[in-house]
Amino acid sequence: MASTTAVLSNTLSGLLVRRSATTFSTAIQSWSSRPILSASIAIPSIAINIPGLVSDIWEGILKAVPKKKTSHMKKRHRQLAGKALKDVKAVNECPGCGRPKKAHTLCPYCVAEIYDSWNTRDAQEKEMATQSKS
């Protein structure tokens with residue numbers, strides 16, 4: 001019994017495929033004069049699959065759209081999450097003045113003292129040059 005139903009279904013599907021192909025070609029030729037409803041009746045297999053395909057696409061589009069615009073603050077919070085400033089762990093003591101400084105860098109206090117001494121020396125040299133000319 002199962003084999004007879006399989007044979008019948010194969011022959012019927014073969015007839016329907018051949019029949020639907022001819023019906024499809026005639027339906028395409030007469031679509032301009034017929035409403036779309038008659039085309040869906042002529043080709044029921046295609047008419048049934050189209051709404052399912054469209055609904056799947058439509059669901060995917062609706063799920064991907066946000067309901068409201070993300071504010072600037074929320075966007076920046078999200079982008080900067082985990083990127084905060086880190087604590088400085090490599091702090092040493094300056095051998096010249098004894099103040100704390102970052103490792104492998106010059107001490108800013110000692111550098112400022114050096115600049116000051118250079119500026120005062122340059123100022124003294126300019127004074128000496130102006131006094132010797134006069």
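Select K101 and T105 to begin: the side chain of K101 reaches the backbone oxygen of T105 at 3.0 Å. Keep in mind as you look that this is a predicted model. K101 itself sits in strand β2, which covers residues 100-102. Which side chain of opposite charge is nearest to K101? Add E93 to your selection, and you will find that side chain 11 Å away. K101 is buried, yet has no salt bridge.

**Next stop: H104**

Now move along to H104, in the loop between β2 and α5. Is H104 buried or exposed? H104 counts as exposed because its relative accessibility is 84%, and exposed here means over 50%. Have a look at the backbone while you are there: H104 has a positive phi of about 65 degrees, although it is not a glycine. For background, most residues other than glycine have a negative phi.

**Across to V91**

Keep H104 selected and add V91. The two residues are 13 apart along the chain, and their C-alpha atoms are separated by 9.4 Å. V91 belongs to strand β1, made up of residues 91-93. With a relative accessible area of 44%, V91 is partly exposed.

**On to helix α5**

Color residues 108-133 to bring out helix α5, and pick I114 within it. Which residues form a nonpolar patch on the surface with I114? Select Y115 and W118 as well: the three together have about 330 Å² of accessible area. I114 counts as partly exposed, since its relative accessibility is 41%.

**A patch of positive charge**

For a contrast in character, select K69, K75, R76, R78 and K83, which form a positive surface patch. Where does K69 lie? Look in the loop that runs between α3 (44-63) and α4 (72-79). K69 is exposed, as its relative accessible area is 80%.

**Step back for the whole view**

Clear your selections and show the protein as a cartoon. How many helices and strands does the protein have? You can count five helices and two strands. Follow the chain along its sequence and the pattern reads α-α-α-α-β-β-α. Both strands were on your route: V91 is in β1, while K101 is in β2.

Finally, switch on the surface. The accessible surface of the protein comes to about 12300 Å², and carbon and sulfur atoms account for 64% of that area. Of the 134 residues, 7% count as buried. K101, where the tour began, is a buried residue, whereas H104 is exposed.

Note on methods. Residues numbered from 1 in each chain as written. Predicted model: local features only at pLDDT ≥ 70, side-chain atom pairs only at ≥ 80, totals over all residues. Heavy atoms only, no water. Patch = residues over 30% accessible without salt bridge, like charges linked within 9 Å, V, L, I, M, F, W, Y side chains within 5 Å. Areas by Shrake-Rupley, 256 points an atom, 1.4 Å probe, with all protein chains shown as cover. Salt bridge = Lys/Arg side-chain N within 4 Å of Asp/Glu carboxyl O. Lys, Arg positive; Asp, Glu negative; His and termini not counted. Charge placed at Lys NZ, Arg CZ, Asp CG, Glu CD. Helix = DSSP H or I, 4+ residues; strand = E, 2+ residues; numbered from the N terminus. Buried < 20%, exposed > 50% of the residue type's maximum accessible area, 1.4 Å probe, protein only. Polar contact = N/O pair within 3.5 Å; in protein donor to acceptor, adjacent residues only side chain to side chain.
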